[in-house]
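Hi,

Here is the structure I promised to pass on. Have a look at it first, and then read my notes underneath.

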Amino acid sequence: MSEFQSWSSIHQTIRASDWNALLDHGLEKPTSYIIRKNGSYYEVINGSTGKIDYGGANNAGGVSGSDAATVIQAALDTGKRVLIKEGDFDINTTLKMPDAGGAELLGIGRQLTTLNWKGSGFCIEQTTKTNRVDNLRVADLKIDATGNSNSSGLIDMTGWSDSLLERLYLIGNDNAGEVGVKINGNEGGTAVGTYWDELRHITITTVKTGILLTGEWANGMANAHTLYKCRVYGGDYGFNFDIGCGNSAFGCIAEGFGTAGCRFGRGIENGWYGGYMESSLNNADCFLLESNATDVIIATGRSNAGPGGSIIN
């Protein structure tokens with residue numbers, strides 16, 4: 001018998017009390033939280049211990065288990081990765097991503113995890129929008145504002161930097177001014193450093209503006225963001241590069257907009273790569289623009305001539 005076989009055949013035991021003490025020894029990396037609906041209650045399960053840390057029938061952690069938004073917010077406030085299981089979750093108040101950064105809000109698929117947005121303002125935003133926050137992530141879920149006349153939009157990325165949205169399905173209520181995703185470099189006159197965000201595989205419908213990049217000229221702009229294979233349908237504007245510089249888009253689609261599929265406002269080299277293609281999108285193309293009142297509007301102001309850009313539509 002080898003030394004390894006001899007050692008591995010010895011079964012070690014540990015008392016339950018010792019194991020439970022180890023679970024909270026403080027040397028673990030931040031753990032994930034899993035949110036599920038259990039009957040009429042919402043529970044936040046610690047992914048390491050299996051305990052219900054927040055919510056549930058007994059209002060663990062002093063958090064009411066009867067309101068989905070309250071339970072999800074309690075998990076987000078820890079700054080850890082939050083996974084929402086399949087199902088429909090009514091969200092009556094805005095979910096706030098923590099100012100410390102690094103938090104993640106994930107579903108298990110955009111046709112499986114649905115946040116029904118029923119509050120006012122945006123469904124998801126940063127806690128303090130005048131602060132810059134890095135490394136936030138929202139992915140793999142649906143946000144649906146159908147029937148909500150108080151919705152201003154689905155995700156407000158004001159102040160987010162080096163953050164990621166991916167594989168999302170966002171449905172608005174076609175309210176005046178409603179935005180699918182807003183990337184903003186200026187909050188109430190305060191410049192906020194917002195750079196290097198990525199939006200990947202986002203589908204947006206039934207809003208007035210699909211994706212808005214904005215701010216205040218020379219005092220907090222939306223700079224150096226990347227859109228990859230984002231699709232927006234219906235409303236006034238598909239993609240509105242309002243105020244910002246060095247933004248890029250690859251393989252995006254805008255269809256059925258009453259004002260313009262794509263608008264370039266005041267910016268420098270907001271980029272398109274490979275041009276505006278009428279069909280057969282691939283990774284080198286920028287936008288497919290179809291059935292819009294106007295496909296492209298380029299406003300007066302700074303140059304938006306991106307490298308390799310051409311308009312074919």
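Before the strands, a word on terms: two strands count as paired if DSSP finds at least two bridges between them. Helices (H or I, at least four residues) and strands (E, at least two) are DSSP runs, numbered from the N terminus. Bear in mind that this is a predicted model, in which local features need pLDDT of at least 70 and side-chain atom pairs count only at pLDDT 80 or more, while totals for chains, interfaces and linings use all residues. Residues are numbered from 1 along each chain as its sequence is written, and side-chain values use heavy atoms, with hydrogens and water left out.

With that in hand, take β18 (residues 198–205). β18 pairs with β20 (residues 226–228) in the parallel sense, over three bridges, and there Leu199 sits opposite Leu227. β18 also pairs with β14 (residues 164–171), again parallel, this time over seven bridges; Glu166 faces Arg200 in that pairing. Then there is β21 (residues 231–243), parallel to β18 over three bridges, with Tyr233 as the bridge partner of Thr205.

Now the whole chain. It has three helices and 26 strands. Of its 313 residues, 48% are buried, meaning under 20% relative accessible area (exposed is over 50%, partly exposed in between; 1.4 Å probe, protein chains only). Counting contacts (heavy atoms within 4.5 Å) with a separation of 6 or more, 69% are between residues 24 or more positions apart.

One helix I'd look at is α3 (residues 68–76). Eight of its nine residues are buried, so α3 is largely enclosed by the rest of the structure. The buried ones are Ala68, Ala69, Val71, Ile72, Gln73, Ala74, Ala75 and Leu76. At the N-terminal end, Asp67 acts as a cap: one of its side-chain oxygens is 3.4 Å from the backbone nitrogen of Ala69. For polar contacts, the cut-off is a pair of N or O atoms within 3.5 Å; within protein, one must be able to donate a hydrogen and the other to accept it, and residues adjacent in sequence count only if both atoms are side-chain atoms.

And what does the side chain of Gln73 reach? The backbone nitrogen of Lys96, at 2.7 Å. Gln73 has a relative accessible area of 16%, so it counts as buried. Leaving out residues up to four places away in sequence, Gln73 touches Thr94, Leu95 and Lys96.

Cheers
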